[in-house]
Amino acid sequence: MSLYRNYDIQPLQGEMLTMYIDGHTVPAAPGETVLSVLSAVGLRRLSRNDNQQLAGSYCGMGVCYCCLVRIDGRYKRRACQTLVRSGMTVETVSNRLNTQGLR
Ligand code: FES
C-alpha cells in the first residue's frame, strides 16, 4: 500500500529512495526532511503529546517540538530536523506512554 505525494510544490527529480510511513511505502528524495515527506503526502496531525493532545508542525526549524514522530523505533524524533534514509520507518501520532501501556 502507498501514500501518494499529492502536495509537492514541484515534481521530484533524480534518484529516489523508499521509506515507510505508518506502514505505507513512500518515495523520497535524498536530502529532504521527514517533515517534507509528511507534508507532501498530506499528513498534518503528526504527534500526540503526553497529555493526549494532537499537534502538527509549527516552526519547521527545530524550535517548537510540535513535529515529534517515532523514527526507526525511537520516540520523540523531530521530523523537521531528520533527513530521510532508505528503509526508514516513521510512525505518526505515536506516544510511548500509550504504546507501552504506561498510561
Ligand atoms: S516543526 Fe517545530 S520543531 Fe519541528
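This is a short dialogue on the strands and two loop residues of a predicted model.

Tutor: Residues count from 1 along each chain as its sequence is written. The model is predicted, so local features need pLDDT of at least 70, side-chain atom pairs count only at pLDDT 80 or more, and totals for chains, interfaces and linings use all residues.

Student: What makes S5 a strand?

Tutor: Strands are DSSP runs of E, at least two residues long, numbered from the N terminus. S5 covers residues 68-71.

Student: How do you know that S5 and S6 pair?

Tutor: Two strands pair if DSSP finds at least two bridges between them. Three bridges join S5 to S6, and these strands run antiparallel. Therefore they meet the rule for a pair. Val69 has Arg77 of S6 as its bridge partner.

Student: In what order do the five strands of the open sheet lie?

Tutor: The order is S2-S1-S7-S5-S6, with mixed pairing.

Student: Why are S2 and S6 called edge strands?

Tutor: S2 (24-28) and S6 (74-78) each pair on one side only.

Student: Why is Tyr65 called partly exposed?

Tutor: A residue is buried with 20 or more other C-beta atoms within 10 Å of its own, exposed with 12 or fewer, and partly exposed in between; C-beta atoms are placed from the backbone. Tyr65 has 15, so it is partly exposed. Tyr65 lies in the loop between S4 (54-55) and S5. Its phi is near 60 degrees, a positive value in a residue other than glycine.

Student: What makes Val93 partly exposed?

Tutor: Val93 has 16 other C-beta atoms within 10 Å, so the label is partly exposed. Val93 sits in the loop between strand S7 (89-91) and H2 (96-99). Its phi is near 50 degrees, also positive.

How values were computed. Helix = DSSP H or I, 4+ residues; strand = E, 2+ residues; numbered from the N terminus.
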